[in-house]
Amino acid sequence: MQNDIFKSPVAFAQAPLKPINGIVNGMETAIAMADKAIEASRHELLSICDVSALNRFGVKGPNAAEWLAAAGLTLPEAKNSWTLQGKRELVLRLGGSEYLIEEPLNSQMVAQLNALPLNKAGVHKVIRNDASFIVSGKLATKLFSEVCAIDLSGDALEDNRLVMTIIAGVSVTVLRQMLNGQSVYRIWCDGTYGPYLWKTLLGITEEYGGGAIGFSFYHDIN
């Protein structure tokens with residue numbers, strides 16, 4: 001019996017770009033949008049990358065922090081902030097008592113959390129069907145100035161803070177992190193709004209001379 005293969009929530013919106021697709025965590029996703037030199041140029045100027053295939057785990061409730069801490073996670077102390085667990089596992093605190101954990105490839109953290117029993121009162125699993133993007137490049141703040149409800153060019157995302165805001169009419173979570181030596185923006189939204197948000201951000205990105213890059217630019221899938 002074969003495992004089911006799912007498509008990225010933005011696969012239909014990416015189809016006109018004719019990407020090279022591959023299977024990542026059981027999800028068909030765009031692993032390359034152009035040759036390496038073109039993607040590198042876009043990355044420096046302005047780019048958008050679909051990383052919806054990364055594994056995630058969500059949990060909330062008044063005792064969620066205690067449950068995660070017992071599982072060995074280091075949690076953000078402040079509301080609406082994030083930290084790294086290990087080298088690249090992201091732990092986001094969304095408000096007071098909801099957490100989102102996202103792992104890179106070759107990590108087993110999400111599988112380990114899913115295997116733990118939720119037998120403690122006040123702890124509830126949150127199903128995460130996010131569309132998730134990386135926006136990079138020296139013109140990223142220009143892009144956000146056109147579509148974001150708040151100014152992301154100032155200190156809103158300093159000191160490992162995150163914001164829950166509106167981009168192009170879609171509710172999103174945004175943070176800024178260093179990835180492969182460059183400051184990038186991470187965006188999560190409900191997967192059903194992913195195609196619209198992808199097309200909107202890609203359109204602006206292309207107007208500025210940038211474009212889409214593939215999943216393998218940030219993650220080694222070999």
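**Stop 1: two helices that cross**

Start by selecting helix H5, residues 140-147, together with helix H6, residues 194-207; their axes come within 10 Å and cross at roughly 130 degrees. That angle makes H5 oblique to H6. Keep in mind as you turn the view that this is a predicted model. The crossing of H5 past H6 is right-handed.

Now show the side chains where the helices touch. Which residues of H5 meet H6? They are Leu143, Glu146 and Val147, and their partners in H6 are Leu201, Ile204 and Thr205. Sorted by class, this contact of H5 with H6 has four nonpolar residues, one polar and one charged.

**Stop 2: the largest pocket**

Next, select Met27, Leu54, Asn55, Arg128 and Asn129. Of the 21 residues lining the largest pocket, these are the closest to its centre. The pocket holds about 430 Å³ of space.

Colour strand E5 (56-60) and strand E9 (124-126) next: these are the elements that give two or more residues to the pocket lining. E5 provides the largest share, three residues. By class, the pocket lining has 10 nonpolar, six polar and five charged residues.

**Stop 3: a cavity**

How many cavities of 30 Å³ or more are there? The count comes to one, with a volume of about 110 Å³. To find the cavity, select its lining: Leu54, Arg88, Leu90, Glu102, Glu103, Pro104, Ile134, Gln177, Leu179, Arg186 and His219. Try colouring these residues by class, and you should find five nonpolar, two polar and four charged. You have met Leu54 before: it lines this cavity and is also among the residues closest to the centre of the largest pocket.

Methods: Residues numbered from 1 in each chain as written. Predicted model: local features only at pLDDT ≥ 70, side-chain atom pairs only at ≥ 80, totals over all residues. Heavy atoms only, no water. 1 Å grid on protein atoms, 1.4 Å probe; cavity = no way out; pocket = protein on both sides within 12 Å on 5 of 7 lines; lining within 4 Å. Points joined across faces, edges and corners; volume = space filled by probe spheres on them. Nonpolar A, V, L, I, M, F, W, Y, C, P; charged D, E, K, R; others polar. Axes fitted to C-alpha atoms, helices over the stretch in contact; angles between N-to-C directions. Helix = DSSP H or I, 4+ residues; strand = E, 2+ residues; numbered from the N terminus. Parallel < 35°, antiparallel > 145°, perpendicular 65-115°, else oblique. Left-handed = near helix turned anticlockwise from the far one by under 90°. Contact = heavy atoms within 4.5 Å.
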